[in-house]
Amino acid sequence: MIDFQYIHHASLAVRDIEVSRQFYSDVLQLQEIQRPPFDSVGIWYALGSQQLHLIQQPQGETLRNGGIDSTDGHVAIWVGSYRGTLEWLDAQGVYYEARPNSVAGFAQIYILDPDRNIIELDAAYEE
């Protein structure tokens, strides 16, 4: 039997690494971390004890074209404050779909990155 411990990282395909860096570093303010010298172009970010890896795929073969669809593949990140996250996204001009009373048992916010990757931001219900 495999002794699974935790999710180490999620990887997302992106078309232009600098456009993605602006979104993830400047808009979302994730902390960029050291990336090994792979042959591919990419950026790694710290997400608590996990990581988010962005890998440039300029041909776009694996990239989405649609809007927010929570049944499509996505990455989910737990955040400390639902309201605070909405306020930040509003201030940054980021479109989102908010689900404050989700049947999931916690509040959900869905956003798209510049390459239409779906990011789910989850938080405890707030009164």
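**Strand pairing and local contacts in the predicted model**

Setting aside residues up to four places away in sequence, Arg116 touches Arg64, Asn65, Gly66 and Gly67. The structure described here is a predicted model, and Arg116 makes a handy starting point for a walk through it. This arginine is found in the loop between strands E7 and E8. Arg116 and Gly67 lie 49 residues apart in sequence, yet their C-alpha atoms are 7.0 Å apart in space. With Asn65 there is also a polar contact: the backbone oxygen of Asn65 lies 3.2 Å from a polar atom of the Arg116 side chain. Arg116 counts as partly exposed because its relative accessible area is 31%, a value between the 20% and 50% cut-offs.

The loop that carries Arg116 closes a hairpin. E7 and E8 form this hairpin with five residues between them, and Arg116 in the turn has a positive phi of about 70°. The two strands, E7 at residues 107–112 and E8 at residues 118–123, run antiparallel and are joined by six bridges. Two of the facing positions can be picked out on the structure: Ile111 has Ile119 as its bridge partner in E8, and Tyr110 has Glu120.

How many of the residues of E7 are buried? Six of its six are, and the strand is mostly covered. Ala107, Ile109 and Ile111 point one way from E7, while Gln108, Tyr110 and Leu112 point the other way, and all of them are buried. E7 also pairs with strand E6, residues 96–99, through four bridges in an antiparallel arrangement. Within that pairing, Ala98 stands opposite Ile109.

Strand E8 tells a similar story of cover. Because six of the six residues of E8 are buried, this strand is largely enclosed by the rest of the structure. Ile118, Glu120 and Asp122 sit on one side of E8, with Ile119, Leu121 and Ala123 on the other, and both faces are covered. Besides the antiparallel pairing with E7, E8 pairs in the parallel sense with strand E5, residues 74–78, over five bridges. In this parallel pairing, His74 stands opposite Ile118.

One E8 residue deserves a second look from anyone interested in charged side chains. Asp122 is buried yet has no salt bridge; Arg99, the nearest side chain of opposite charge, is 8.8 Å away. A salt bridge would need a side-chain nitrogen and a carboxyl oxygen within 4 Å. Leaving aside neighbours within four places in sequence, the contacts of Asp122 are Ala76, Ile77, Trp78, Val79, Phe106, Ala107 and Gln108.

A further set of paired strands involves E4, residues 50–56, which runs parallel to strand E1, residues 9–14, with six bridges between them. Ala13 stands opposite Ile55 in E4. E4 also pairs with strand E3, residues 42–47, this time in the antiparallel sense and again over six bridges. Here Ile43 stands opposite Leu54 of E4. E3 and E4 form a hairpin with two residues between the strands, in which Gly48 takes a positive phi near 65°.

Turning to helix H1, residues 17–27, which of its residues are buried? They are Ile17, Ser20, Phe23, Tyr24, Ser25 and Val27. The N-terminal end of H1 is capped by Asp16, with a side-chain oxygen 2.9 Å from the backbone nitrogen of Glu18. After the helix comes Gln29, which has a positive phi near 60°.

Aromatic side chains complete the picture. The structure holds four aromatic pairs. Phe38 and Trp44 form a tilted pair, with 6.0 Å from centre to centre and 45° between the planes. Are these two residues buried or partly exposed? Phe38 is partly exposed because its relative accessible area is 46%, whereas Trp44 is buried, at 14%. Elsewhere, Phe23 and Tyr24 join Tyr45 in one aromatic cluster; Phe23 and Tyr24 are among the buried residues of H1.

Notes. Residues numbered from 1 in each chain as written. Predicted model: local features only at pLDDT ≥ 70, side-chain atom pairs only at ≥ 80, totals over all residues. Heavy atoms only, no water. Buried < 20%, exposed > 50% of the residue type's maximum accessible area, 1.4 Å probe, protein only. Pairing = 2+ DSSP bridges. Contact = heavy atoms within 4.5 Å. Polar contact = N/O pair within 3.5 Å; in protein donor to acceptor, adjacent residues only side chain to side chain. Lys, Arg positive; Asp, Glu negative; His and termini not counted. Phe/Tyr/Trp six-rings, centres within 6.5 Å; stacked < 30°, edge-to-face > 60°.
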